[in-house]
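Student: Please take one part of this model, describe its local geometry closely, and then set it in the context of the whole chain.

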Amino acid sequence: MMNKLFAPVLGGLLLFSAIVQAQDEWIIKAGKIDPANYYGITVANGMIGVVSSPEPFQVKNVVLAGAYDLYGRGRVSNFLNSFNVLNMGLTINGKDINTGNISNFKQELDMHHAAFTTTFDLGDEASIKYTYYSLRQLPFTVLMDVVVTAKKHVDMVVSNSLSAPDALRDVQNYYNEVDGLHGPISLLTSTAKSPTGKLQLCASNAFIFSEPSGDEPRLMHEMSDNNMHLMHFSKGVAAGQTYRFSLVGSSITSAHDVDPLNEAERLTIFAKLQGADRLIQFHNSAWDELWKSDIKIDGDPQAQQDVHSMLYHLYSFSRAGTAYSPSPMGLSGLGYNGHIFWDADLWMFPGLLVLHPEIAKSMVEYRFQRLAAAKQNAFEHGYKGAMFPWESADSGVEETPVWALSGPFEHHITADVALAAWQYYCVTQDKQWLMEKGWPILSATADFWASRVERNGTGKYEIKNVVAADEWAENVDNNAFTNAAAIVNLQNAATAARVLGLKADPDWALVAQNIPILKFPDGVTKEFETYKGEGIKQADVNLLAYPLKLITDQAQVKKDLEYYDTRIPNEGTPAMTQGIFALLYSRLGDGEKAYHFFKDAYEPNLNPPFRVIAETKGGTNPYFATGAGGIVQSLLMGFGGLDITNQGIIQIKSTLPAKWHSITITGVGPDKKTYIVK
């Protein structure tokens, strides 16, 4: 992560987790919504993310994976907001619906089917319910399903508007009618250029009506200004009657399709002619399939709901069949510019690999497709092989802002990418993939480390001047995690060569044997050469026990853990660190300490009203998918005892807290196995 952290906000937010009780393992309900203290929750399908709003019929923003342009912060590529395809307006009996004239306003997220529902009443006139979906089966398409129940006769006007986010330019708006077998299909369409003109962003919407063809309401088009237009219809509903309609929209860019304007309209027509019921049916079936891989905790309903939320977000922010990898905030907004860090490879990837290897494959494909850029990066820095950038976007070049030292110096990212590639082979045992894609990554990254070390004698092939995994340690020598990750990278490359019947560079083994791991006089592993016990931002030395497994002696693991778990301050540090502590304590047999760190990893980071995780305790920048990834690993590889080995996934001894009766992990690995710990 970047060195510049959001300032912690303490006080009321810290009490939030203590007073909200789980209502359901799958449904998070918000009954009392304070717009001034509201942190939206995301409905996403791995490609398009829609963030909720406390305003009726509005969404906060829409984010598309892979859509970047150079603008704003840091002179580097940034994530772009797309058109808010789901924004609507509703007028009933001349009253414009807003937070000031409605009552019983409630929202809830059904995590099992990735559906966000809002309900409210307009006095004695009508009750309204709407649910929106980022359709899992259609990567660029969203749906809002609306039901209005009239308490007495009402006349309503429904509008859908498309407005361009501020950063976009050269907006063009279209209203098209396409002749269909059952009547015209009206399309509200907009297109715009990204700030530099690099990308074309397009969106198209259509209503789906419940009336038979020919009886549908008549649509009208209205231009508001150059950046906004809308379509609307009128409808009378008799007392006691219910009226249902839907809005379907597609958003796509030239980063995804060479002809995004026409494709946006085609995709919307395709979805409209499926009908709302079929769209929801296929969406639900896709999520049912995803949830065949699940983590079930018996004995702790609140933890179960929270774990489902973590898995829901990881599943929502990633997708099989792509070459995309999630940023620290996934598709929940523009945090960290939407860039890809070690957060993806080391923190989110392992849990997804264990539960959904087909999704994890997209993440390593993202890195493979940017291997050439990583080789150029190594060349520019005077090294051999491939040097992956600390922050990556669409092209794979370094995208860290110049003011952040992590860009030029946080070199462990290269080993993190290599570890993910090797783990993918370990879980899938796919030798063809290893030959075609894994080996090019592993061999090029091993070549990087062989050129990166400074060869100062036996046992002193040193890696100097790096930013540590603990990012408060800048420009230090022989950082424990960097050195250890390099060793593991070199060893895994050599092992891959043996698996494939290839000849490994003999220099790799020589370098691996001579990279130092430093210790204090009492035997505690030293974080870096000049480390003197100061506070650390996040886990570093403890990562040598997991995931690197370079330190396997239980006494050494315990000694390092007990030393460094007291060096993490109580604020300003990211959520995934305590997940590693929980994982290791569970493996060491201390279920209660493991449970303490499991809860401490996320509960102080929760924000209302949907328990969304921020990066730090009291932080206000959700959703922090990196933290969710670390905590999910504590459940899978800690409490659940799963372990990724060269021969595949095995189960080792672990310990549950007394409060938990059992943990059951379903749908593990390519064979979709079930593992239980009691």
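Tutor: The account below begins with the conventions, turns to a set of paired strands, and ends with the backbone exceptions and the chain as a whole.

This is a predicted model, in which local features need pLDDT of at least 70 and side-chain atom pairs count only at pLDDT 80 or more, while totals for chains, interfaces and linings use all residues. Residues are numbered from 1 along each chain as its sequence is written, and side-chain values use heavy atoms, with hydrogens and water left out.

The part chosen is strand 10, which covers residues 126-134. Helices (H or I, at least four residues) and strands (E, at least two) are DSSP runs, numbered from the N terminus. Seven of the nine residues of strand 10 are buried, so the strand is largely enclosed by the rest of the structure. Here buried means under 20% relative accessible area and exposed over 50%, with partly exposed in between (1.4 Å probe, protein chains only).

Strand 10 has two antiparallel partners to be described, strand 9 and strand 11. Two strands are taken to pair if DSSP finds at least two bridges between them. Strand 9 (residues 115-122) is joined to strand 10 by eight bridges, and within this pairing Thr-118 stands opposite Tyr-130. The two strands form a hairpin with three residues between them, and in the turn Gly-123 has a positive phi of about 50°. Strand 11 (residues 141-150) pairs with strand 10 over nine bridges. Ser-134 of strand 10 has Val-142 of strand 11 as its bridge partner. This second connection is also a hairpin, and six residues join strand 10 to strand 11.

A residue from a distant stretch of sequence adds to this picture. Thr-242 belongs to strand 18 (residues 242-253). Its C-alpha atom is separated by 9.3 Å from that of Ser-127, although the two residues are 115 apart along the chain. Neighbours within four places in sequence aside, Thr-242 is in contact with Val-147, Val-148 and Thr-149, where contact means heavy atoms within 4.5 Å. Thr-242 counts as partly exposed because its relative accessibility is 48%.

Another hairpin, between strands 24 and 25, may be set beside these. Strand 24 (residues 642-645) and strand 25 (residues 648-651) run antiparallel and are joined by four bridges. Two residues lie between them in the hairpin, and Thr-645 has Gly-648 in strand 25 as its bridge partner. In a regular strand the side chains alternate between the two faces of the sheet. In strand 24, Leu-642 and Ile-644 point one way and Asp-643 and Thr-645 the other, and all are buried.

The backbone exceptions come next. Most residues other than glycine have a negative phi, and most peptide bonds are trans. Arg-611, which is not a glycine, has a positive phi of about 55°. Arg-611 lies in the loop between strand 22 (606-607) and strand 23, and it counts as buried because its relative accessibility is 3%. Lys-672 likewise has a positive phi, near 55°, and sits in the loop between strand 26 (662-668) and strand 27 (673-677). With a relative accessible area of 39%, Lys-672 is partly exposed.

Two peptide bonds are cis: the one from Tyr-546 to Pro-547, with omega near 10°, and the one from Pro-622 to Tyr-623, with omega near 5°. Pro-547 is found in the loop between helix 12 (506-514) and helix 13 (554-564). Tyr-623 is found in the loop between strand 23 (612-613) and helix 16 (625-639).

As for the whole, the protein chain has 16 helices and 27 strands. Of its 678 residues, 63% count as buried. Residues 24 or more positions apart account for 69% of the contacts with a separation of 6 or more. The C-alpha trace spans about 85 × 50 × 45 Å along its principal axes. A compact globule of 678 residues would have a radius of gyration near 26 Å, and the chain agrees with this because its own value is 26 Å; the radius is taken over C-alpha atoms, and the globule rule is 2.2 Å times the number of residues to the power 0.38.
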